[in-house]
Amino acid sequence: MNGCTAHAIPPAALKELRATDDAGRVPAPLTDDEGGAPLRCCLRRSRPGDRVALVSYAPLRRWAARTGADPGAYDEQGPVFVHAEECAGPGTQGGFPFTDSHRTVRRYSAEGRILGGRLAGPDALASALREAFDDPVVEFVHVRAVEYGCFLYEVTRGWPGLSPSAPPPPAPRSAPR
């Protein structure tokens, strides 16, 4: 879908999560013998033999710490798979990852409050995102797995540097005169 971008967990957060996750636990890396785990560090599925870690991640808490918002009771943490060691991050494949199953599209306001959600089938994610961002009050969206409710990735309007979880982009420089 044009006009919005899927975001992996930012590198600085990944570095912290690989040391101590958002539940205060030290991750226990393992070798994924089968592959197929949705990796939130690079937005692809693990391959057999990849070293991965299942960590607890609190995306709204991290966003709120950066923005000064208070998500209140909407603050939650849940399990996500990441590479156990630093990886190259998401490629430039475009589109949205993990669209092979039903997903929940959860909308959030700039205050961190849930504005609603929608179930989207494998062919309906783009239309669900379009519908979400048609509402100007929607600041960002979380795409989640239906079967476990796990956070998959965040979607924002615009180019990749606009993730609510990432540091703000640098100010534009004026053109030389």
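Confidence comes first: the chain in this predicted model averages a pLDDT of 88, with 86% of the residues scoring at least 70. The weak spot is residues 160-177, where pLDDT stays under 50. For that stretch the model has 28 contacts beyond four places in sequence, and those are best read with the low score in mind.

On to the sheet. Five strands make up an open sheet in the order 1-10-9-7-8, and the pairing is antiparallel. Strand 1 (4-7) and strand 8 (114-120) sit at the edges, each pairing on one side only. Ignoring direction, neighbouring strands of this sheet are turned by 25° against each other on average. Within the sheet, strand 7 (residues 103-108) and strand 9 (residues 140-145) run antiparallel and are joined by six bridges. One pair to look for here is Arg 103, which stands opposite Ala 145 in strand 9.

Two helices go with these strands. Helix 2 (residues 59-67) packs on the sheet and touches strand 7, strand 9 and strand 10 (151-157); the direction of helix 2 makes about 160° with that of strand 9. Helix 3 (residues 125-133) lies across strand 1, strand 7, strand 8, strand 9 and strand 10. Relative to strand 9, helix 3 runs at about 150°.

Then there is the second largest pocket, which holds about 230 Å³ of space. It is lined by 15 residues, and the closest to its centre are Pro 38, Arg 40, Phe 81, Tyr 148 and Cys 150. Strand 6 (residues 78-83) gives the most to this lining, putting in three residues. As for chemistry, the lining of the second largest pocket splits into eleven nonpolar and four charged residues, with no polar ones.

Key:
Residues are numbered from 1 along each chain as its sequence is written. This is a predicted model: local features need pLDDT of at least 70, side-chain atom pairs count only at pLDDT 80 or more; totals for chains, interfaces and linings use all residues. Side-chain values use heavy atoms; hydrogens and water are left out. Two strands pair if DSSP finds at least two bridges between them. Helices (H or I, at least four residues) and strands (E, at least two) are DSSP runs, numbered from the N terminus. Axes are lines fitted to C-alpha atoms, for helices over the stretch in contact, and angles run from 0 to 180 degrees between N-to-C directions. Contact means heavy atoms within 4.5 Å. On a 1 Å grid over the protein atoms alone, a cavity is a set of points where a 1.4 Å probe fits but cannot get out, and a pocket is an open set with protein on both sides within 12 Å along at least five of seven lines; lining residues have an atom within 4 Å of a point. Grid points are joined across faces, edges and corners, and a volume is the space filled by probe spheres set on the points. Ala, Val, Leu, Ile, Met, Phe, Trp, Tyr, Cys and Pro count as nonpolar, Asp, Glu, Lys and Arg as charged, and the others, Gly among them, as polar. pLDDT is the predictor's confidence in each residue, from 0 to 100.
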